[in-house]
Amino acid sequence: MRLRKALPVAVVLPSLLTVSACSGESSDPDEKKPKASAGSTPGAVGADAKAAAEAERIGAMAPQALEKATLSGKENGFEAKKVAEAEVEAGRDMKADKAECQPLASLAGGFTHIPAVSVEHRALEPTEAKNATIGSMWLASHSETNAAKVLAELRTSLKECPGGFKTLGLTYKAVQPVKAPALGDESVGYRITNVVGKRHVTMTYTVVREDGVVAVFYGVNMLTPQKSAIPEAVVKAQLERLG
């Protein structure tokens with residue numbers, strides 16, 4: 001348990017610009033509140049309305065529907081927790097030093113390289129002490145055409161960027177495709193190593209497209225990196241909520 005709690009702060013948090021499993025553990029309870037609510041600021045309400053209108057125009061899932069469809073609470077050995085807005089935004093503009101690596105850099109920051117209409121983030125924390133895997137997930141709402149393009153360009157990036165990239169002073173290397181669960185309309189899996197000081201942190205990503213929604217899951221397991229993928233049962237549970 002001590003390792004699990006200390007790991008996100010010491011390693012995953014800086015390496016992914018706070019889009020990590022510790023993101024749901026803010027000491028300020030107000031940070032856990034959804035950004036779209038009756039008490040939101042006028043600017044936030046205006047942004048939500050604009051996103052909803054754009055979603056309707058391109059046939060994407062609307063922000064409120066996306067939020068409702070995103071996992072929350074305990075599910076298959078993990079607890080999904082809302083991520084504070086400030087922590088989410090910290091990773092939005094991660095730019096790779098190599099253009100061919102941008103899809104990977106954007107996912108490392110918690111977003112797709114093609115801007116989504118709306119995005120919902122959740123920290124994933126294991127509910128069992130023996131489970132050493134921690135991680136995060138997010139859903140990005142696109143038109144179906146753009147969602148398919150995200151996956152296609154991600155596959156290209158995996159082929160053209162095996163040596164990794166640098167972004168915001170962070171180094172990512174050893175990019176390796178791995179088998180993804182046969183779920184959704186299509187899926188991609190890969191493993192990537194982030195270098196934090198002298199420590200190497202290996203993360204496993206599972207990216208699944210369901211119509212116009214791109215669902216991204218990443219996991220870290222410092223004890224057994226090869227077992228760092230978020231379990232298929234969790235991915236499947238999320239896709240089932242999309243309908």
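This is a short walk through one predicted model, from overall confidence down to single residues.

Start with the overall numbers. The chain has 243 residues. They are arranged with 7 helices and 9 strands. Of the residues, 51% count as buried. The accessible surface comes to about 11,300 Å². Carbon and sulfur atoms hold 52% of that surface. Now the contacts. Take pairs at least 6 apart in sequence; 65% of those contacts join residues at least 24 apart.

Next, confidence. The average pLDDT of the chain is 84. A score of at least 70 is reached by 81% of the residues. Which elements mark the two ends of the range? Helix α1, residues 2–15, has the lowest mean pLDDT, at 34. Helix α6, residues 144–160, has the highest, at 98. Residues 1–41 have a pLDDT below 50. That stretch still has 89 contacts in the model beyond near neighbours in sequence. A word of caution here. Where pLDDT is low, the predicted coordinates should not be read in detail.

On to the disulfide. The structure holds 1. Cys-101 and Cys-161 form it, with their sulfur atoms 1.8 Å apart. Where do the two cysteines sit? Cys-101 is in the loop between α4 (85–89) and α5 (102–108). Cys-161 is in the loop between α6 and β5 (165–167). The pair therefore ties together parts that are 60 residues apart in sequence. What is the handedness of the bond? The torsion about S-S is about 95 degrees, so the disulfide is right-handed. Buried or exposed, for Cys-101? Cys-101 has 0% relative accessibility, so it counts as buried. Cys-161, at 2%, also counts as buried.

Now the strands, with β7 as the centre of this part. Strand β7 covers residues 186–196. Of its 11 residues, 9 are buried, so β7 is largely enclosed by the rest of the structure. Two partners to look at. With strand β6, residues 170–178, β7 pairs in the antiparallel sense over 6 bridges. There, Tyr-172 stands opposite Asn-194 in β7. With strand β8, residues 199–210, β7 also runs antiparallel, and 11 bridges join the two. One register point to check on screen: Gly-189 has Thr-206 in β8 as its bridge partner. The hairpin of β7 and β8 has 2 residues between the strands. In that hairpin, Gly-197 takes a positive phi near 65 degrees.

That brings up backbone torsions. Most residues other than glycine have a negative phi. Two residues here go the other way. Leu-168 is not a glycine, and its phi is near 50 degrees. Leu-168 sits in the loop between β5 and β6. With 56% relative accessibility, Leu-168 counts as exposed. Asp-211 has a positive phi of about 55 degrees, again without being a glycine. Its place is the loop between β8 and β9 (213–220). Asp-211 counts as partly exposed, at 42% relative accessibility.

Last, two polar residues in strands. Take Glu-120 in strand β3, residues 118–126. How is a 7% relative accessibility classed for Glu-120? As buried, because the cut-off is under 20%. What does the side chain of Glu-120 make polar contact with? One partner is the side chain of Lys-82, at 2.9 Å. Another is the side chain of Arg-122, also at 2.9 Å. Setting aside residues up to four places away in sequence, Glu-120 touches Leu-66, Glu-67, Thr-70, Lys-82, Met-137, Trp-138 and Leu-139. So Lys-82 appears both as a polar partner and in that contact list, because contact means heavy atoms within 4.5 Å.

Then Ser-136, in strand β4, residues 134–141. Ser-136 has 0% relative accessibility and so counts as buried. Its side chain reaches the backbone oxygen of Arg-122 at 3.1 Å. Arg-122 thus comes up twice: its side chain meets Glu-120, and its backbone oxygen meets the side chain of Ser-136. One spacing to finish on. Ser-136 and His-121 are 15 residues apart in sequence, and their C-alpha atoms are 7.5 Å apart in space.

Key. Residues are numbered from 1 along each chain as its sequence is written. This is a predicted model: local features need pLDDT of at least 70, side-chain atom pairs count only at pLDDT 80 or more; totals for chains, interfaces and linings use all residues. Side-chain values use heavy atoms; hydrogens and water are left out. pLDDT is the predictor's confidence in each residue, from 0 to 100. Helices (H or I, at least four residues) and strands (E, at least two) are DSSP runs, numbered from the N terminus. A disulfide is a pair of cysteine sulfur atoms within 2.5 Å. Buried means under 20% relative accessible area, exposed over 50%, partly exposed in between (1.4 Å probe, protein chains only). Two strands pair if DSSP finds at least two bridges between them. Accessible areas come from the Shrake-Rupley method with a 1.4 Å probe; for residues, only the protein chains shown count as cover. A polar contact is a pair of N or O atoms within 3.5 Å; within protein, one must be able to donate a hydrogen and the other to accept it, and residues adjacent in sequence count only if both atoms are side-chain atoms.
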